[in-house]
Amino acid sequence: WGAANNLNDILIKQFQKAFTLNDMGAGLVQSAFYLGYFVGALPAARVGKVYGFKVAILIGLGLFALGACLFFPVSQVGTSYFGFLVC
């Protein structure tokens with residue numbers, strides 16, 4: 001998670017070039033990234049209590065990997081800024 005988190009800043013610069021975004025549009029990338037942590041915290045805690053925290057970490061890593069793998073299909077469908085934010 002730490003390495004991918006550090007790559008987020010590089011991704012923002014590439015989105016600014018590819019989608020010709022202003023600073024506010026580029027800031028949405030950071031917002032979408034951290035909104036995932038905010039929204040997922042309570043369900044992750046619930047999964048951790050019910051099934052164990054090892055399972056919760058594995059589910060989190062799996063979802064993170066799934067989001068990363070979805071970048072390629074989204075890039076092939078078109079240059080949808082919203083699609084990249086959802087991934």
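## A predicted all-helix chain, read from its second helix

Helix α2 has 29 residues, and from its first C-alpha to its last it reaches 41 Å, which is close to the 42 Å expected at 1.5 Å a residue. The model described here is a predicted one, and every value in this report was computed from its atoms.

Several features can be placed along α2 in turn. At its start, a side-chain oxygen of Asn 22 comes to within 3.3 Å of the backbone nitrogen of Met 24. Asp 23 belongs to helix α2, and it counts as exposed because its relative accessible area is 64%, which is over the 50% cut-off. Although Asp 23 and Ile 12 stand 11 residues apart along the chain, their C-alpha atoms are separated by 9.7 Å. Further along the helix, a kink of about 45 degrees lies at Gly 40, shortly before the proline Pro 43. Just after α2, Gly 52 takes a positive phi of about 105 degrees.

The chain as a whole contains 5 helices and 0 strands, so that, read from the N terminus on, the order of its elements is α-α-α-α-α. Taken along the principal axes, the C-alpha atoms of the protein chain fill a box of roughly 45 × 25 × 20 Å. The chain has 87 residues, and 20% of them count as buried. When contacts between residues at least 6 apart in sequence are considered, 53% join residues that are at least 24 apart.

Helix α1 can be described in a similar way. Its 18 residues should span 26 Å at 1.5 Å a residue, and because its end C-alpha atoms are 26 Å apart, the expected and the modelled values agree. Helix α1 nevertheless bends, by about 30 degrees, at Asp 9. It is followed by Thr 20, whose phi is positive and near 45 degrees.

The table sets the two helices side by side.

| Helix | End-to-end C-alpha distance | Bend or kink | Buried residues |
|---|---|---|---|
| α1 | 26 Å | about 30 degrees at Asp 9 | Asn 8, Ile 12, Phe 15, Gln 16 and Phe 19 |
| α2 | 41 Å | about 45 degrees at Gly 40 | Gly 25, Ala 26, Val 29, Phe 33 and Gly 48 |

Some of these buried residues also take part in the largest nonpolar core, which has 7 residues: Ile 12, Phe 15, Phe 19, Leu 21, Ala 26, Val 29 and Tyr 81. The elements that give two or more residues to this core are α1, residues 2-19, and α2, residues 23-51. Of these, α1 supplies the largest share, with 3 residues. In soluble globular proteins, nonpolar side chains tend to be buried together.

Tyr 81 is one of the core residues, and its surroundings show which parts of the chain it meets. Leaving aside its neighbours within four places in sequence, Tyr 81 is in contact with Phe 15, Phe 19, Leu 21, Gly 25, Ala 26, Leu 28 and Val 29.

Aromatic rings offer another view of α2. A search of the whole structure finds 3 aromatic pairs. In one of them, the rings of Phe 33 and Tyr 37 have their centres 5.6 Å apart and their planes at 80 degrees, and because that angle is over 60 degrees, the pair is edge-to-face. Phe 33 and Tyr 37 are 4 residues apart in helix α2, which means that about one helical turn separates them. Ring pairs link Phe 33, Tyr 34 and Tyr 37 into a cluster. Within this cluster, Phe 33 is buried, whereas Tyr 37 counts as partly exposed because its relative accessibility is 39%, a value between the 20% and 50% cut-offs.

Helix α3, finally, covers residues 53-69 and contains Gly 60. Because its relative accessibility is 22%, Gly 60 counts as partly exposed. The C-alpha atoms of Gly 60 and Lys 13, which are 47 residues apart along the chain, are separated by 26 Å.

Key:
Residues numbered from 1 in each chain as written. Predicted model: local features only at pLDDT ≥ 70, side-chain atom pairs only at ≥ 80, totals over all residues. Heavy atoms only, no water. Core = buried A, V, L, I, M, F, W, Y, C linked by side-chain atoms within 4.5 Å. Buried < 20%, exposed > 50% of the residue type's maximum accessible area, 1.4 Å probe, protein only. Contact = heavy atoms within 4.5 Å. Phe/Tyr/Trp six-rings, centres within 6.5 Å; stacked < 30°, edge-to-face > 60°. Expected span 1.5 Å × (residues − 1). Bend = angle between axes of the 7 residues up to and from the residue. Polar contact = N/O pair within 3.5 Å; in protein donor to acceptor, adjacent residues only side chain to side chain.
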